[in-house]
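Work through the exercises below with the coordinates open. Try each task before reading its solution.

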Amino acid sequence: MSQAAIIGTGSFVPNQIMTNNDLSNIVETSDEWIKTRTGISERRISTGMSTADMAYEAGLRALESANLKAEEIDLIICATITPDFFMPSCACMVQERLKAVNAAAFDLTAACTGMIYGIVTGEQFIKSGMYRNILVIGTETLSKVLDWEDRSTCVLFGDGAGAVVISLSEKGGKLMASNLEADGSKYDLLTCQAMPLRNPYIEDLEEEPVLPKIRMHGQEVFRFAVHTITGNIKTLLKKTELTKEDINYIIPHQANQRIIEQASKHTGIPMERFFMNLNRYGNTSAASIGIALDELVRSGKINSGHKLVLVGFGGGMTAGSMLLEWN
Ligand code: ACO
């Protein structure tokens, strides 16, 4: 079997900062409520860039850090729940912008677990020997599907993109183990409706179709998140026969500081080892783990031999994780 590793990372967030105080002018909320319940201080909001635009920027940075030319990419996978079009895929738009002329391209949907599903999917093409270099991008313009009148959701999310290049390599973040999960019985905990059925056989059509908006059962999502982060870390440790002391950093999906604190308590892994940047970006869904990984890598804190866990959870409900060893 061939070894797949993350050999480059990149990210992009829009310039526009929306603070908690800015939000308190839009809905009945406060900086104090948002900070104590979530840990979020501000988020980035697109003032014109689309999901594919941000994916391109993050992808370009990941290619530069991997020291690869766009023509060397064999496959582009974009994970997103907020594509610009149903068709074409975001990945095809990125392929065109990067001039990655030799790459196949497709999107996948696993909500906030999208980056994990994307990397694990890409890894299989490398292990099978089919492809050598794969660009995986998590990218979201969540601001376009937020209900800006619903204070229980609009304060949580932000826009951005994170990317990795995975390759056949002994260098970089070697993928030592991974785990993917789904529980469709909980699908209605977190939803964003697509087009309603509208055709000549449907009576009582509403004048205007309702625009898609995120709806969430916050407390149940909270419980699912704590349970799945904890379970995924245990699963990876068992698969790799490592102990929690062997793990240098955990990059959880950046949804809520209290979720991460609970996961720290349940696993007995100290908070200092959980990387967090959600205070600055909020929850960027499929983009969050890629943005966080890129920031951690560029901070220079990862040394050879370090072991990292990436763990995500999100709509579906989906969950997933991987253990990387840095070389
Ligand atoms: N500002 C002020 N008050 C608010 C706000 C707000 N932004 N939002 C809700 N409230 C009020 C509620 O109306 C309620 O008031 P009431 O007691 O008068 O009815 C009160 O605050 C408490 O509401 P709860 O929903 O019980 O608040 P909770 O402590 O559960 O926090 C939160 C809500 C932050 C959403 C929490 O449940 C959570 O983080 N859940 C997980 C959400 C998440 O991580 N989602 C994304 C994960 S998956 C993915 O990333 C797509």
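**Exercise 1. Polar contacts of the ligand**

How many Å separate an oxygen atom of the ligand from an N or O atom in the side chain of Arg151? Then find other such contacts.

Solution. Keep in mind that this model is predicted.
- Step 1. Start at Arg151: the distance from a side-chain N or O atom to an oxygen atom of the ligand is 2.9 Å. The cut-off for a polar contact is 3.5 Å.
- Step 2. Turn to Arg37. One of its polar side-chain atoms is 2.6 Å from a ligand oxygen.
- Step 3. Take Asn256. Here a side-chain N or O atom and an oxygen atom of the ligand are 2.5 Å apart.
- Step 4. Add the burial. On its own the ligand has 1000 Å² of accessible area, and the protein covers 74% of this area.

**Exercise 2. The site as a whole**

Which pocket does the ligand take up, and which elements give two or more residues to the shell around it?

Solution.
- Step 1. Place the ligand: its space is the second largest pocket.
- Step 2. List the elements. Helices H2 (31-38), H6 (151-154), H7 (218-240) and H8 (257-267) each give two or more residues, and so does strand S12 (307-314).
- Step 3. Find the main contributor. H7 supplies the largest share, four residues.
- Step 4. Pick out the nearest residues. There are 23 around the ligand, and Arg37, Cys112, Gln219, Asn256 and Asn283 come nearest.
- Step 5. Sort the shell by class. It holds 10 nonpolar, nine polar and four charged residues.
- Step 6. Assign domains. Domain 1 (4-170) and domain 2 (176-326) each give at least three residues to the shell.

**Exercise 3. Backbone exceptions**

Which residues does a cis peptide bond join, with omega of about 5° and with omega of about -10°? Where is Lys99 found, and what is its phi near?

Solution.
- Step 1. Recall the background. Most peptide bonds are trans, and most residues other than glycine have a negative phi.
- Step 2. Take omega of about 5°. This cis bond joins Met87 and Pro88. Pro88 lies in the loop between strand S4 (75-79) and helix H4 (90-98).
- Step 3. Take omega of about -10°. Gly316 and Met317 are joined by this cis bond. Met317 belongs to the loop between S12 and strand S13 (318-326).
- Step 4. Finish with Lys99. It sits in the loop between H4 and strand S5 (104-108). Its phi is positive, near 60°, and Lys99 is not a glycine.

Technical notes. Residues numbered from 1 in each chain as written. Predicted model: local features only at pLDDT ≥ 70, side-chain atom pairs only at ≥ 80, totals over all residues. Heavy atoms only, no water. Near = heavy atom within 4 Å. Polar contact = N/O pair within 3.5 Å; in protein donor to acceptor, adjacent residues only side chain to side chain. Areas by Shrake-Rupley, 256 points an atom, 1.4 Å probe, with all protein chains shown as cover. 1 Å grid on protein atoms, 1.4 Å probe; cavity = no way out; pocket = protein on both sides within 12 Å on 5 of 7 lines; lining within 4 Å. Sits in = over half its atoms within 2 Å of the grid points. Nonpolar A, V, L, I, M, F, W, Y, C, P; charged D, E, K, R; others polar. Domains from an automatic or database assignment.
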